[in-house]
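Colleague: Please take a close look at one part of this predicted model, the second largest pocket. Which residues line the pocket, and which elements do they come from?

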Amino acid sequence: MLIPIIGNGNVQSEKQGNDNMIRTSPFNRLWRWLATGIFFIFFGLGGLVLSLLWFTLLGVVVRDPKRLHRLTLNTIKNSFRLFLNLLRAVGVMDYRIEGAELFTQDKGCLVVANHPSLLDYVLLASCMPRCD
């Protein structure tokens, strides 16, 4: 089970009626808003650099198709891990993944992320042995 924890732990939970409401300081909201925008740009540019430069270079240097495929998948997985670790390091997002060991049995299965954002897939693929 994937459990994202948004924020940096400096939020206060306040109960009002039946609703749970998390209040943050205006500075924290502004910081997270700006950092999220910066990381969207970073994610897009990283994908562009990987697709135009790195994967092209791999295709020229590595001639064995199986090794090329494995290196490509590992590059994707590790770039997702780097992205998530940077998000965590600057305090934009924190997360924990429970049951990641189940991904070692991922042969012949379909993994479905049920959230409309790309972040679910990034979280899932970062801990999968093969993210193809």
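Modeller: What follows covers the pocket, then the core and the confidence of the model.

The model is predicted, and its second largest pocket holds about 210 Å³ of space. Its lining consists of Phe42, Phe43, Gly46, Gly47, Leu50, Ser79, Phe80, Leu82 and Phe83. Two elements, H1 and H2, each give two or more residues to that lining. H1 supplies the largest share, with 5 residues. Sorted by class, the lining has 6 nonpolar and 3 polar residues, and no charged ones.

H1 (26-61) and H2 (65-90) also serve the largest nonpolar core, where each supplies at least two residues, as do strand E4 (93-97) and helix H3 (119-125). H2 gives the most to this core, namely 4 residues. The core has 13 residues, and the members that touch the most others are Leu84, Leu87, Val92 and Met93. Leaving aside residues up to four places away in sequence, Leu84 touches Met93, Tyr95, Leu119, Val122, Leu123 and Ser126.

As for confidence, the mean pLDDT of the protein chain is 79, with 81% of residues at 70 or more. H2, which contributes to the pocket lining, has the highest confidence, at a mean of 93. The lowest mean, 37, belongs to strand E2 (residues 12-16). Over residues 1-21 pLDDT stays under 50, and the model has 43 contacts beyond four places in sequence for this stretch.

How values were computed
Residues numbered from 1 in each chain as written. Predicted model: local features only at pLDDT ≥ 70, side-chain atom pairs only at ≥ 80, totals over all residues. Heavy atoms only, no water. Core = buried A, V, L, I, M, F, W, Y, C linked by side-chain atoms within 4.5 Å. Buried < 20%, exposed > 50% of the residue type's maximum accessible area, 1.4 Å probe, protein only. Contact = heavy atoms within 4.5 Å. 1 Å grid on protein atoms, 1.4 Å probe; cavity = no way out; pocket = protein on both sides within 12 Å on 5 of 7 lines; lining within 4 Å. Points joined across faces, edges and corners; volume = space filled by probe spheres on them. Nonpolar A, V, L, I, M, F, W, Y, C, P; charged D, E, K, R; others polar. pLDDT = per-residue confidence, 0-100.
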